[in-house]
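Trainee: I'm new to this one. Could you walk me through how the labels get decided?

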Amino acid sequence: MKTMVWMLICGLTLGVGIGSAMAQSTAGQAQGAVAAQHRSSEAAEKSSLIVTTDYTIGPEDVLEITVWRNTDLSKVVAVRPDGRISLPLIGDVAAAGRTAAQLAEAIAEKLKEFKENPQVSIVVKEVNSYAIYVLGEVTKPGKYPLKSKTTLLQAITLASGFTPAAARNKIVVFRFGELGGKDTKIKASYDDIIMRDESPQNIQLKPGDTIVVPSETMVLIK
């Protein structure tokens, strides 16, 4: 009788142990699934950035450059803060401000000194430059990553609108010069954009644009 009771207790203990192990295993799998889903969602968010044929390359973007039948010249490179990339043989090439097709053509042109009829293709692997900066008299100044084409008004909305002290008709957009050219300064009036039909001042922003909304005090002092 004692033997049977002892066997029953051992069986119950073993069952509880197995059940606990299975529960821990299931919990671990669930946590793993959640982590995998989180990583997947991050990857999906990054891949959701719009990279069309007219996408303009910017600093910190990662490019996969393939030169047909030449593995030594085929590289994965990051665009430097100065907007350039470095490649074997041809050295530095201006990448920021160009589309992938335009950059491929520029690289192929330089490679003609070393290789007959070079064929170059470029894939934008990572989009890290598609962001703007909103400064001054806005509720939430800062850097804003963009996932699609964005206008000046939309950027002000991203920054949660103007503060009471904002000189909203004296907005200035600072833009890097393309292909190493001179930087430009674009002025815009919020009231003109709102009141005038099809106002050209509601510009489409480009990566790296810095929007400054000055204060009324600053404007008066000037």
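Mentor: Sure, starting with Thr99, which sits in the loop between β4 (91–94) and α2 (100–111); helices (H or I, at least four residues) and strands (E, at least two) are DSSP runs, numbered from the N terminus. This is a predicted model, where local features need pLDDT of at least 70, side-chain atom pairs count only at pLDDT 80 or more, and totals for chains, interfaces and linings use all residues. Residues are numbered from 1 along each chain as its sequence is written, and side-chain values use heavy atoms, leaving out hydrogens and water.

Trainee: Why is Thr99 called buried?

Mentor: Buried means under 20% relative accessible area, exposed over 50%, and partly exposed in between (1.4 Å probe, protein chains only). Thr99 has 13%, so buried is the word.

Trainee: What does Thr99 touch?

Mentor: Leaving aside residues up to four places away in sequence, Thr99 touches Thr53, Asp54, Tyr55 and Ile57. Contact means heavy atoms within 4.5 Å.

Trainee: How do you know that the span of α2 agrees with what's expected?

Mentor: The expected span is 1.5 Å times one less than the number of residues. For the 12 residues of α2 that gives 16 Å, and the end C-alpha atoms are 16 Å apart, so the two agree.

Trainee: And what covers the buried residues of α2?

Mentor: The cover includes β1 (62–67), β3 (84–87), β4 and β5 (120–126). Among the buried residues are Leu103, Ile107 and Leu111.

Trainee: What makes β7 and β9 edge strands?

Mentor: Two strands pair if DSSP finds at least two bridges between them. In the open sheet β7-β6-β10-β8-β9, β7 (142–145) and β9 (184–188) each pair on one side only, hence the label.
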